[in-house]
Amino acid sequence: MTFLLLGLLAHVVADFVLQADSVVESKCKRMIGGYLRHGAIVFASSAVAFHLYGLGVAAVLALIVSATHVAIDWLKNLAERGGAAGVNASAGASASASAGASASASAGASASAGVSVSSRSSRSSPRRSLLVFLLDQCAHAAVLVAVWELADTHVRRLSDKVLWIYQSVLLQKTVPTLLPACAELGISLNRVLVLTLAYVVVIFAGAVLVRLMLDAFSIGVEPRLATNAGRYIGMVERALMLTLVLVDALPSIAFVLTAKSLARFQELNDMRFAEYYLVGTLTSACIALGVGIVAGAVLPAL
């Protein structure tokens, strides 16, 4: 279980936190440099995650994961391009204007997903992009599960040499002090990984999924109403709601949603903005609640 959690965390960090906009643009243009740069990021994050099983094992597993990751990304961009012809033939002027306003509102959020805002509208429909994105993430997760199954004999336990380095060389005083306290509080590596993964998914991957949902429904607003600050407000909002779910304080989520609504009270008179606000907020809440419920159900079993 530890291996799978480490792999998923490395994937989410590489795909949603460390992937720069320039890399996304390069991949969307099918430039080999973009794929190689992203593959290097995936390799580095995976190697860091798997180094607890030994440096040799980590290098081999990271190479397998990064190679398959790049291949899946290439297929994803190919699938998105496959729907471009139909989109260009049927897209009207009003839809293009709406998509342009929506894209300018939060380019950074979509870019970190591996979805290019500037070129997405010319490649595929927003709903196709959402479907391809979900299938892409499922494929990456399936690869990690397959690697976990195939490498079972090598990842059954952590490397004694690596643990010895941490316990006897790097953290001579910290580890002996913290281990008894962690054991008494019921804190384990798997629990820490589940919580970390939950927050990274909710904060960073959630921003991308919200943007794709808005695009899928062709909901856009004027750039002056959809500022870049809204993305960071959404991140904090989802992190707070996830925390409330994990501490079993679900009624308090109503306070978060009410506070956000009050800040946008005047703009809600605009029907277009009201749709934008409701779809974005409800999607954001569903992500936080869904991840929180799953994490809360998994934690007692670890």
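**Exercise 1. Determine how many aromatic pairs the predicted model contains, and describe their geometry.**

The count comes to three aromatic pairs, where rings of Phe, Tyr and Trp (its six-membered ring) pair if their centres lie within 6.5 Å, and planes under 30 degrees apart count as stacked, over 60 as edge-to-face and the rest as tilted. The model is predicted, so local features need pLDDT of at least 70 and side-chain atom pairs count only at pLDDT 80 or more, while totals for chains, interfaces and linings use all residues. Residues are numbered from 1 along each chain as its sequence is written, and side-chain values use heavy atoms, with hydrogens and water left out.

Step 1. Phe3 and Phe50 form a stacked pair, with 4.5 Å from centre to centre and 15 degrees between the planes. This pair links distant parts of the chain, as Phe3 belongs to helix 1 and Phe50 to helix 3, 47 residues apart; helices (H or I, at least four residues) are DSSP runs numbered from the N terminus. Both Phe3 and Phe50 are buried, a term that means under 20% relative accessible area (1.4 Å probe, protein chains only).

Step 2. The ring centres of Phe16 and Phe133 are 6.2 Å apart and their planes stand at 80 degrees, so this pair is edge-to-face. Because Phe16 lies in helix 1 and Phe133 in helix 9, the pair ties together parts that are 117 residues apart in sequence. Phe16 is buried at a relative accessible area of 5%, and Phe133 counts as buried at 5% relative accessibility.

Step 3. Ring pairs also join Phe3, Phe50 and Tyr53 into a cluster.

**Exercise 2. Place Phe50 in its surroundings and in the largest nonpolar core.**

Step 1. Leaving out residues up to four places away in sequence, Phe50 touches Phe3, Leu6, Gly7, Ala58, Leu61, Ala62 and Val65; contact means heavy atoms within 4.5 Å.

Step 2. The largest nonpolar core has 54 residues, of which Phe3, Leu6, Phe50 and Leu61 touch the most other members. Such a core is a set of buried Ala, Val, Leu, Ile, Met, Phe, Trp, Tyr and Cys residues joined through side-chain atoms within 4.5 Å.

Step 3. Helix 12 provides the largest share of this core, 12 residues.

**Exercise 3. Characterise the largest pocket and the largest cavity.**

Step 1. On a 1 Å grid over the protein atoms alone, a cavity is a set of points where a 1.4 Å probe fits but cannot get out, and a pocket is an open set with protein on both sides within 12 Å along at least five of seven lines; lining residues have an atom within 4 Å of a point. Grid points are joined across faces, edges and corners, and a volume is the space filled by probe spheres set on the points.

Step 2. The volume of the largest pocket is about 650 Å³. Of its 25 lining residues, Leu52, Leu163, Val175, Leu179 and Leu189 are the closest to the centre. Helix 11 gives the most to this lining, with six residues.

Step 3. One cavity of 30 Å³ or more is found in the whole structure. The largest cavity holds about 60 Å³ of space. Its lining consists of His11, Val42, Val65, Thr68, His69, Ile72, His140, Val143 and Leu144. Helix 4 contributes the largest share of that lining, four residues.

Conventions. Helix = DSSP H or I, 4+ residues; strand = E, 2+ residues; numbered from the N terminus. Buried < 20%, exposed > 50% of the residue type's maximum accessible area, 1.4 Å probe, protein only.
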